[in-house]
Amino acid sequence: VQLQASGGGLVQAGGSLRLSCATSGRTASFYYMAWFRQALGKEREFVAAIRWYTGTTYYADSVKGRFTISRDNAKNTVFLQLNSLKPEDTAVYYCAADENDYGMGYGPLSHVSYDYWGQGTQVTVSS
């Protein structure tokens with residue numbers, strides 16, 4: 001199983017980006033897919049998650065109302081729309097996939113729920 005994240009870049013504050021995470025090597029959908037981010041010198045933090053079969057979404061308080069997670073069932077791809085970007089959103093963004101429904105136990109916000117991780121895509125927001 002591979003996750004391929006893309007769509008990062010350099011934008012000015014207030015701008016937008018759309019991240020994509022394409023999956024391969026698995027025919028069935030995952031239970032949860034999520035985005036985490038890690039800024040330089042900081043710990044990895046949860047950004048957003050989606051329960052694949054129901055479409056239920058979860059967001060960190062810091063991104064609610066600005067970021068939107070969505071999925072394309074046919075392409076097994078998850079997206080993260082980033083609007084109203086702030087300099088503090090600067091980080092490497094990682095997508096993650098839950099193959100075993102650990103999210104039901106540990107919760108979709110916990111990194112331990114996820115079995116697979118993409119390579120990360122850099123988002124830089126200038127002030």
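Mentor: Before we start, accessible areas here come from the Shrake-Rupley method with a 1.4 Å probe, and for residues only the protein chains shown count as cover. This is a predicted model, where local features need pLDDT of at least 70, side-chain atom pairs count only at pLDDT 80 or more, and totals for chains, interfaces and linings use all residues. Residues are numbered from 1 along each chain as its sequence is written, and side-chain values use heavy atoms, with hydrogens and water left out.

Trainee: What share of the accessible surface of the chain belongs to carbon and sulfur atoms?

Mentor: Take the whole accessible surface, about 6400 Å². The part on carbon and sulfur atoms is 47%.

Trainee: And what percentage of the 127 residues is buried?

Mentor: Buried means under 20% relative accessible area, exposed over 50%, and partly exposed in between, with a 1.4 Å probe and protein chains only. Counted over the 127 residues of the chain, the buried ones make up 43%.

Trainee: Which cysteines form a disulfide?

Mentor: Look for a pair of cysteine sulfur atoms within 2.5 Å. That rule gives one disulfide. Its sulfur atoms sit 2.1 Å apart, and the partners are Cys21 and Cys95.

Trainee: Where in the chain do Cys21 and Cys95 lie?

Mentor: Strands are DSSP runs of E, at least two residues, and helices are runs of H or I, at least four, numbered from the N terminus. The pair links distant parts of the chain, 74 residues apart. Cys21 is in strand E3 (residues 17-24) and Cys95 in strand E9 (residues 91-98).

Trainee: Are Cys21 and Cys95 buried or exposed?

Mentor: Use the relative-area cut-off of under 20% again. Both Cys21 and Cys95 are buried.
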